[in-house]
Each structure stands twice: as structure tokens, then as C-alpha cells.
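Me: I have a structure open and would like to talk it through with you, starting with the ligand and then moving to the strands. Can you keep the answers in plain sentences?

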Amino acid sequence: GLLLAATAGVQAADKKITLGFAQVGAESEWRTANTQSIKQSAKEAGITLKFSDAQQKQENQIKAIRSYIAQKVDVIAFSPVVESGWETVLQEAKAAKIPVILTDRAVSVKDDSLYVTFIGSDFVEEGRRAGKWLLDNYKGQGDVNIVELQGTVGSAPAIDRKNGFEEVIKAQPRFKIIRSQTGDFTRAKGKEVMEAFLKAEGKKINVLYAHNDDMAIGAIQAIEEAGLKPGKDIIIISIDAVKGAFEAMIAGKLNVTVECNPQLGPQLMEAAKAVVAGKQLPKRIVTKEGVFPMEVAAKEFPNRKY
Ligand code: GYE
């Protein structure tokens with residue numbers, strides 16, 4: 001009896017975990033680094049990973065999650081493209097007794113028993129840091145006209161980064177957001193929307209706040225094509241701190257980037273193992289991040305991992 005029980009225990013501990021992960025897409029440098037982190041750390045943790053790319057469409061993510069339920073994976077994890085509209089599929093996972101871990105982006109659901117934990121950044125705080133950098137470092141006098149490139153409509157980082165930034169700049173009424181539109185977190189869209197901003201407002205624009213580096217990098221191109229100097233004629237603030245942003249800062253074209261760490265893989269694998277082992281997890285696991293202005297870019301660049 002004892003021996004049998006011990007063997008059963010060993011088998012349970014050794015059983016390979018299968019994790020189904022529904023990724024947002026491949027829209028940015030951040031996302032590419034995030035996907036790499038998840039694949040790499042699954043391998044290192046000995047977890048079998050089923051991975052799908054939703055091409056930034058919620059319906060594709062829902063389909064992927066349903067297929068993971070049908071395949072009876074041990075754990076489902078996903079980075080929800082938008083905040084709302086998840087109740088039904090999360091209830092299906094719960095009914096199938098498959099635990100769900102959220103990574104990177106949050107959902108808005110009334111019943112928080114629909115997921116085990118949410119691992120990711122504090123996007124409101126990132127927006128505040130961007131706003132604080134602006135208030136502390138802006139040199140010019142008079143009104144400050146800001147244009148904003150928002151992330152994907154309805155996504156947690158777009159909503160939160162907007163709110164955090166506005167909360168801080170409200171303290172000084174001369175800082176005004178004169179235009180705000182989505183660039184869907186991509187370079188191509190960031191460039192396109194910045195072109196429209198420049199057409200409408202021209203030299204009135206003092207500052208660009210982009211919800212991610214890729215959109216800022218796209219916008220830098222638009223600004224140069226309009227004959228203006230990015231980083232000088234227009235002060236540029238963005239979020240993520242990917243390598244492309246460091247290159248732009250070293251070239252003097254981007255003024256600051258607020259860090260958002262995409263390397264969530266190791267924490268996710270740890271959480272997946274813990275939940276399968278029946279351990280309790282905190283409802284919220286926050287990642288640690290910094291702020292990098294242009295002046296430190298060259299020195300920091302060799303240390304960057306994504
Ligand atoms: O900032 C952006 C990506 O959800 C934090 O998504 C992530 C955001 C990131 O496309 O570059």
C-alpha cells in the first residue's frame with residue numbers, strides 16, 4: 001500500500017504539464033520578445049506548449065481557447081487582446097476544470113474566480129511615469145500641445161496608459177492633449193496616424209506621447225518626412241523600452257521610454273506548475289520596471305535583453 005501510494009505520488013509529480021497559450025499577435029517588438037520568452041521558458045521548465053497567434057483578433061483567441069479546452073490541456077494562459085467579452089469562454093474553461101492564467105493584459109469580468117492569477121505590468125503606473133517625465137523635463141514656456149498615439153482600442157494597456165498619463169498632466173493645465181487616436185500598437189499605423197496629426201496641426205505639435213515604442217518609431221519617420229526633427233522639434237515619449245527605442249534614443253530621435261518587461265515566460269511557467277500542484281497563487285503578480293531617458297541610452301544598451 002505504502003509503496004503504491006509513493007509510486008502514484010511520483011507519477012503525479014512527474015506528469016508533463018501541457019499549457020495552451022493564446023497570444024495576441026506579432027504586432028510589436030515587445031510582442032516578439034514576449035513570445036520568445038514564453039517558448040524558451042516552457043522548454044526550460046519541461047512544459048509542453050501549445051501556442052497560437054490570434055493576429056490581434058478576439059474571435060481568434062476565443063477559438064484557440066475553445067480548442068485548448070477540447071484538447072483537455074492542464075492549464076490555459078492568454079494575453080487578452082481587449083478587456084471585455086471574455087465571460088462565456090472563461091466559464092467554459094471553468095466548467096471543464098481547466099485553470100486559466102492571464103499574462104500581460106487584464107480582463108474586466110465581474111467574477112474573478114474565472115481566472116487564477118494575472119501576471120503583468122501596472123500599465124496605469126507606466127502612463128503616470130510617462131506623464132511625470134514630461135512635467136519634470138519639458139523646457140519650453142506657454143501651452144504644450146500633445147498628440148497621443150493610443151494602443152489597440154479597448155485593450156488594457158491603451159486604456160490604462162491613457163488614464164495614468166492624463167492623471168499626472170492634469171496637475172499643470174498648460175499641458176494639453178490636442179489629438180488622440182489609435183495606432184493599434186504597430187509601426188505602420190503609428191506612421192499613418194502621425195502623418196494625419198501633422199497635416200492637421202503642423203508645427204503646433206510640441207510633444208508626442210505614444211503608448212508603445214513601435215508607434216513612436218513609425219511616427220519618427222512621419223516627422224522626418226515632414227521636414228521636422230524628432231526629439232527636438234517634437235519631444236517624443238513612449239513605452240516598452242525595446243531595442244529599437246534605444247537605437248532611436250542613441251540617434252537623438254526619441255526622448256524617453258518607460259520600461260514594460262515582456263519577459264513573462266519564467267513567471268508564467270512557475271505559476272502553471274504551482275497551480276497544477278494545487279498551490280495557492282496571489283491574484284496579481286506585478287513585474288518590475290524602470291524609466292530610461294535619452295542620456296542613459298548608450299550606457300544601458302549593452303544590458304538590454306529585448
Ligand atoms: O506595450 C505593446 C504590445 O500588452 C504590454 O502590447 C503589451 C503591449 C505592448 O503590442 O508594444
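Me: How many nonpolar, polar and charged residues are in the shell around the ligand?
Reply: Bearing in mind that this is a predicted model, the shell around the ligand holds 5 nonpolar, 2 polar and 6 charged residues.

Me: And which residues are the closest to the ligand?
Reply: The ligand is surrounded by 13 residues, and the closest of these are Ser28, Trp30, Pro157, Phe185 and Asn212. The elements that contribute two or more residues to this shell are α2 (29-45) and β9 (235-240).

Me: OK, switching to the strands. What is the order of the open sheet?
Reply: The open sheet has 6 strands in the order β2-β1-β3-β4-β5-β11, and the pairing is parallel. At the edges stand β2 (48-53) and β11 (284-286), and each has a single partner strand, so one side of each is left without a neighbour in the sheet. Ignoring direction, neighbouring strands of this sheet are turned by 20° against each other on average.

Me: Let's look at β4, then. Are the residues on its two faces buried or exposed?
Reply: Strand β4 (residues 100-103) is covered on both faces, with Val100 and Leu102 buried on one side and Ile101 and Thr103 buried on the other.

Me: Which strands does β4 pair with, and over how many bridges?
Reply: On one hand β4 pairs with strand β3 (residues 75-78) in the parallel sense over 3 bridges, and on the other hand 3 bridges join β4 to strand β5 (residues 117-120), again running parallel. Leu102 takes part on both sides, since Phe78 stands opposite Leu102 and the bridge partner of Leu102 in β5 is Phe118. Thr103, for its part, has Ile119 as its bridge partner in β5.

Me: What do β3, α4 and β4 make together?
Reply: Strand β3, helix α4 (residues 87-95) and strand β4 make a β-α-β unit, and this unit is right-handed.

Me: Different topic: where is Ile177, and why does it count as partly exposed?
Reply: Ile177 lies in strand β7 (residues 175-182). It counts as partly exposed because 16 other C-beta atoms lie within 10 Å, whereas a buried residue would need 20 or more and an exposed one would have 12 or fewer.

Me: Which residues is Ile177 in contact with, leaving aside its neighbours within four places in sequence?
Reply: With those neighbours left aside, Ile177 is in contact with Ile146 and Glu148. As for Leu208, which is 31 residues apart from Ile177 along the chain, the C-alpha atoms of the two are separated by 9.3 Å.

Conventions. Residues are numbered from 1 along each chain as its sequence is written. This is a predicted model: local features need pLDDT of at least 70, side-chain atom pairs count only at pLDDT 80 or more; totals for chains, interfaces and linings use all residues. A residue is near a molecule or strand if its C-beta atom, placed from the backbone, lies within 6 Å of it. Helices (H or I, at least four residues) and strands (E, at least two) are DSSP runs, numbered from the N terminus. Ala, Val, Leu, Ile, Met, Phe, Trp, Tyr, Cys and Pro count as nonpolar, Asp, Glu, Lys and Arg as charged, and the others, Gly among them, as polar. Two strands pair if DSSP finds at least two bridges between them. A crossover is right-handed if, with the strands pointing away from the viewer, the path from the first strand over the helix to the second runs clockwise. Two residues are in contact if their C-beta atoms, placed from the backbone, lie within 7 Å. Axes are lines fitted to C-alpha atoms, for helices over the stretch in contact, and angles run from 0 to 180 degrees between N-to-C directions.
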